[in-house]
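Here is a short briefing on one structure. Keep the coordinates open while reading.

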Amino acid sequence: MPKTIRYRVFENPDSAAAQVAGEIAQLIRERALLDRQVVLGLATGRSPLPLYEELIYQHREERLSFSNVVTFNLDEYTGVGRNDPASFHTFMRKNFFDHVDIPARQIHFLSGTTPPAKIAAHCEAYEDLIEKHGGIDYQILGIGRSGHVGFNEPGSSIVSRTRLVELGEITRNDAARDFGDSLENVPTHALTMGCGTIMEAKRIALLAWGSAKASVVRRAIQGRVSSKVCASYLQKHEAACFYLDSPAASLLKVEK
Ligand code: GLP
């Protein structure tokens, strides 16, 4: 039987983010002392914002340097250029990269404007690059209302790799807010790290806030491991933890 995913409930997103930021900062400092890099897997969306704010604060006020940090972002919309205001590139620059000292050459993204004929090779090269860096040490995840992690929509296999995917209806509806509230403008496809890619990360922190996530959080943590809710695969990961605020944890059954 799969074990239950570890989860921690915090009073609010800021206190959860402070905990995760503290873990990341410790890892960065430990590696810096050994003159080694840390590989972070990063996510977009509203959920990681308090974490990025806290890391920026630690950079400014507590002299946390990110010079030994290498990053790989989870996903990107197809057909959206890196400088497009709605791209995940832009999101990350605005909310994190522009405010810390990660050398540009250490920041990695999937490119949404890869020509269709080159997508498979592009995705494979992304996987190779992660491997060449020794794998992801600490992966940050959000969770979509469809239970997706990255853009691994229901039906994605636990061994899926980085690839082109079609976005589901719930996901596209939720994304419309970033595309002028118009569903028509939301891309139909994206490139995403696969569930198998994500599962290879050494540690995983999934962040979820608010009552809108309560139902999918319960299914991921206490439901059956199933491709219907890809986040449930994390039940099979040795070092995955959900960081929740009380509303996101409100439907979890208390274990006896
Ligand atoms: C998008 C991203 C996911 C993210 C999800 C939830 O679909 N590809 O990585 O987890 O949105 O976003 P939010 O954190 O805004 O609820």
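The points below cover the ligand site first and then selected loop residues.

This is a predicted model. The ligand occupies the largest pocket. Beyond the ligand site, the briefing takes up four loop residues: one is buried, and the others, Pro-85, Asp-35 and Asp-181, are exposed.

**Ligand shell**

- The residues around the ligand include a run from Thr-44 through Gly-45 and Arg-46 to Ser-47.
- Asp-75, Gly-142, Ile-143 and His-148 also belong to that shell.
- Gly-150, Phe-151, Arg-177 and Lys-213 complete the list.
- By class, the shell holds 6 polar, 4 charged and 2 nonpolar residues.

**Polar contacts and burial of the ligand**

- Ser-47 places a polar side-chain atom 2.5 Å from a ligand oxygen atom.
- Asp-75 also contributes through its side chain: one of its N or O atoms is 2.8 Å from a nitrogen atom of the ligand.
- Gly-150 uses its backbone instead, with a polar atom 3.3 Å from a ligand nitrogen atom.
- The ligand taken alone exposes 390 Å², and the protein buries 89% of that area.

**A buried loop residue: Gln-235**

- Gln-235 sits in the loop that links α7 (214-222) to β10 (240-245).
- Why does Gln-235 count as buried? Its relative accessibility is 5%, and the cut-off for buried is under 20%.
- The Gln-235 side chain reaches the backbone oxygen of Ile-221 at 3.4 Å.

**An exposed loop residue: Pro-85**

- Pro-85 is part of the loop between β4 (75-77) and α3 (88-95).
- Pro-85 counts as exposed because its relative accessibility is 72%, and exposed means over 50%.
- Which residue is 93 positions from Pro-85 along the chain, with the two C-alpha atoms 8.8 Å apart? That residue is Asp-178.

**Positive phi outside glycine**

- Most residues other than glycine have a negative phi.
- Asp-35 is not a glycine, yet its phi is positive, at about 60°.
- Asp-35 lies in the loop between α1 (13-33) and β2 (38-42).
- With 73% relative accessibility, Asp-35 counts as exposed.
- Asp-181 is not a glycine either, and its phi is positive at about 55°.
- The loop holding Asp-181 runs between α5 (169-175) and β8 (189-192).
- Asp-181 counts as exposed, with a relative accessibility of 66%.

Note on methods. Residues are numbered from 1 along each chain as its sequence is written. This is a predicted model: local features need pLDDT of at least 70, side-chain atom pairs count only at pLDDT 80 or more; totals for chains, interfaces and linings use all residues. Side-chain values use heavy atoms; hydrogens and water are left out. Helices (H or I, at least four residues) and strands (E, at least two) are DSSP runs, numbered from the N terminus. Buried means under 20% relative accessible area, exposed over 50%, partly exposed in between (1.4 Å probe, protein chains only). A polar contact is a pair of N or O atoms within 3.5 Å; within protein, one must be able to donate a hydrogen and the other to accept it, and residues adjacent in sequence count only if both atoms are side-chain atoms. A residue is near a molecule or strand if one of its heavy atoms lies within 4 Å of it. Accessible areas come from the Shrake-Rupley method with a 1.4 Å probe; for residues, only the protein chains shown count as cover. On a 1 Å grid over the protein atoms alone, a cavity is a set of points where a 1.4 Å probe fits but cannot get out, and a pocket is an open set with protein on both sides within 12 Å along at least five of seven lines; lining residues have an atom within 4 Å of a point. A molecule sits in a cavity or pocket if more than half of its atoms lie within 2 Å of its grid points. Ala, Val, Leu, Ile, Met, Phe, Trp, Tyr, Cys and Pro count as nonpolar, Asp, Glu, Lys and Arg as charged, and the others, Gly among them, as polar.
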